Amino acid sequence: MITKLRKAQDSWAAKAILILTALSFMSLFGISGYLNSAADNRAVIKVNDRVLTQADINQQLNKEIRTAQKIFGDIEISDDIRTKMLTGIVERNLKSMITEETASEFNIFISDNLVRSMILSQPQFLDENGQFNKEQLNYFLSQSDMDEQQYIALIREELDSQFLVQNPISGYNVPSILKKYVADAEAQQKIFKYITLNENEAVIDRNISDDEINQYYNDFAPEFIEPERRDVDFIIISMNDIAKKINITDEEIDDYYKNNMSQFVTPETRNVLQMVFDTKEKADEAKKALDNGEDFYKVAEEMANQTKEETNLEYVSEDMLIGDTGSKVFALQKNETTEPMQSELGWHIMKVTDIKSGAKQEEQKVKQQIAETLANEQVYDVAYDTINQIEDKIGAGSSLDAIAKEMGVDVQHIKGLSEYGDAADVAQNFASLAQNTDFIDTVFSYNQNEISQALETNEGFVFAKVTKISDSHPQDLATALPKIKQMWSENEKAAITQEIINDVMHDLENGDNIDDVASRYNLKITTTSPLTRSQNFANLSQTQMLDIFNEPNGTPKQIDIEQQHIIAVADGDYKPKKLSDNDMNIIEQRLKLDLAQEAAAALVDSYGKNYDIRIKYRLLGLAD
């Protein structure tokens, strides 16, 4: 089933969209919970008793679309792109659910300590001193548009996948016959000759006639409609505007400081060396060697088979050490070593090589910081209260000018806004708002002189009022004439180019040589250097290059890239390229990756055959 889904999806979403999965951190650090309002939605994916609802899928899809627009701008998400994104989401969720079910069946358990240790050691969450920094974690999650709630689940899922899928398929050896076959294909070289025809370069030897002007005006009438346009007054109330109205008292600051003392205390840290053994006997033997003056690193290497990097934990706080080893290590003096200590990972011997004292920030020095934190914590509650109050005032008849004055903001204007996001007059700093689809929908949903309800945007909460409506109407012929001439010119050039293409292809398919054909029609011909199938010419895609490479020599191939058309033939085989050792290594690694991916998919498929799996393609919009 995974394979079936994969075949339905091409690589656009994987290459163009950075897919960011929501993460969870609550069970380790007590961060606030995740709101899931999809409980009453119909299940669309089911693996035994595990279900995923339509709302879950829609939430993930909307998140991918937001991510795509964040990266590439306000791009249009076509139905085709949406289907490919949705297919990828279904595939990933199905694989995840099968892996979770398999892990549960085999009683695979990932401890909180292991997950916590992994998070605490992530480089992006460490400060300049190598200490875990909660703010850096929060910043990473917010910048990635991630919810903290599922971080633990994701890490556990990755570890489950590592155990159930990645480990079993690791260490693939590429069969020598396959490697040779691919190497021979990679070394094959051909020389190509090609003609390039660009519609934009076609020469039109006549002018558009009056009859053609009238015909275009009538046949393409929908193209010459002046859209409805609206003048809009609006105000934007930002979170900063609302935060300024929040008054944080000294008592609140003092309470926060006392209740969150850990934020203002830098804990003592120690540089710790560690060696770990399976048995107490081995640990005792190592401790005896240390007591006899042996170097810690040397004993760790010889008796625990550890590298220096594995032995040096660097600077850690007490709570970063496993079990009760922390309290014992932090009871030592500098250069002292513990007795063997047992944890779930084995028997530890640890040594303190340096100590950095902790520090405490006084309340007065962080007062402003606390005030800002408290204001930010309250701003959303205050914001929604404020917005509700404004909407009540609007309902009672307050004007936009009065609301603006009360909130201390200016009334802004956009003139001649259409449903396509273009405007006759808009300030540069509001250009993106004018193209915001939610803003446009709001503006075109209200009658003249009505004030909208609040619209939440990146800029803040927007209240809009339509002050003038200019109805949609057909353009007169004089206004439409420039567009008519442009359309005619483009069609005329395309027709001229196509006629030449037809003549060239006809002659080539009848066996004429491409050099003679190019000369006959006064066309420029280009000859490539010897190329392998992994190279290209004329900006052809890899797929297009493979298509033309696999054609018999002398067979013409037409490739259309928007207004540019290429007619090419393979002029002949060239001696095979001599592959270097590096080339062969790349081929082998690529084959290993391909084989591993296929094996991983097959392994997940085999797990899935043991379960009751149901996917409602129709509800998902992936089937008629």
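# A guided tour of the model

Start by selecting Lys-415 and Asp-425: Lys-415 stands opposite Asp-425 in strand S13. You are looking at a predicted model, and this pair is a handy place to begin.

**Stop 1: from S13 to S14**

Widen your selection to residues 412-417, which are strand S12, and 425-426, which are strand S13. The two run antiparallel and are paired through two bridges. Now add residues 229-237, strand S5: S5 and S12 are also antiparallel, this time with four bridges. To see one matching pair, pick Phe-234 and find Gln-412 of S12 opposite.

S5 has another partner to visit. Select residues 461-470, strand S15, and you will find nine bridges joining S15 to S5 in an antiparallel arrangement. Here Arg-229 sits opposite Ser-470 of S15.

From S15, step back to residues 455-456, strand S14, which pairs with S15 in the antiparallel sense over two bridges. Leu-455 has Val-462 in S15 as its bridge partner. Together S14 and S15 make a hairpin, with four residues between them. Click on Gly-460 in that turn: its phi is positive, at about 140°.

Before moving on, look at Asn-449, in the loop between helix H20 (437-443) and S14. Its phi is near 75°, a positive value in a residue that is not glycine. What makes that worth a click? Most residues other than glycine have a negative phi.

**Stop 2: two crossing helices**

Select residues 250-259 for helix H12 and 367-395 for helix H17. Their axes come within 10 Å and cross at roughly 95°, which makes H12 roughly perpendicular to H17. Show the side chains where they meet: on the H12 side you will find Asp-250, Glu-252, Ile-253, Tyr-256 and Tyr-257, and on the H17 side residues including Lys-367, Ile-370, Leu-374 and Gln-378.

Stay with Tyr-257 in H12. Is this residue buried or exposed? Its relative accessible area is 5%, so Tyr-257 is buried. Leaving aside residues up to four places away in sequence, Tyr-257 touches several others, among them Phe-264, Lys-360, Glu-363, Val-366 and Ile-370. For a sense of distance, add Ser-529: it is 272 residues from Tyr-257 along the chain, and their C-alpha atoms are 72 Å apart.

**Stop 3: a sheet with two helices across it**

Next comes an open sheet of four strands in the order S8-S7-S10-S9, paired antiparallel. Strand S8 (312-316) and strand S9 (341-343) are at the edges; each has a single partner strand, so one side of each is left without a neighbour in the sheet. From one strand to the next, the twist averages 40°.

Zoom in on residues 269-277, strand S7, which pairs with S8 through four bridges in the antiparallel sense. Leu-273 is matched with Asn-312 of S8. Then add the helices. H13 (residues 280-291) lies across S7 and strand S10 (346-356), at about 35° to S10. H14 (residues 296-303) lies across S7, S8 and S10, at about 30° to S7.

**Stop 4: a second open sheet**

Another open sheet has four strands in the order S17-S3-S19-S18, again with antiparallel pairing. The edges here are S17 (525-527) and S18 (557-561), each with a single partner strand, so each has one side without a neighbour in the sheet. The twist in this sheet averages 25° from one strand to the next.

S18 pairs with strand S19 (residues 564-574) over five bridges, running antiparallel. Lys-557 has Ala-568 in S19 as its bridge partner. Add helix H23 (residues 542-549), which packs on the sheet and touches strand S3 (189-198), S18 and S19; the directions of H23 and S18 make about 170°.

In the loop between S17 and H23, select Asn-539. Its phi is positive, about 60°, although Asn-539 is not a glycine. With 71% relative accessibility, this residue counts as exposed.

**Last stop: a bent helix**

Finish with helix H8, residues 151-169. At 1.5 Å a residue, its 19 residues should span 27 Å, and the end C-alpha atoms are 26 Å apart, which agrees. Where does H8 bend by about 45°? Click on Gln-162 to find the place. Buried residues in H8 include Tyr-151, Ile-155, Leu-164 and Ile-169. Just past the helix is Gly-171, with a positive phi of about 80°.

Notes: Residues numbered from 1 in each chain as written. Predicted model: local features only at pLDDT ≥ 70, side-chain atom pairs only at ≥ 80, totals over all residues. Heavy atoms only, no water. Pairing = 2+ DSSP bridges. Axes fitted to C-alpha atoms, helices over the stretch in contact; angles between N-to-C directions. Contact = heavy atoms within 4.5 Å. Expected span 1.5 Å × (residues − 1). Bend = angle between axes of the 7 residues up to and from the residue. Buried < 20%, exposed > 50% of the residue type's maximum accessible area, 1.4 Å probe, protein only. Parallel < 35°, antiparallel > 145°, perpendicular 65-115°, else oblique.
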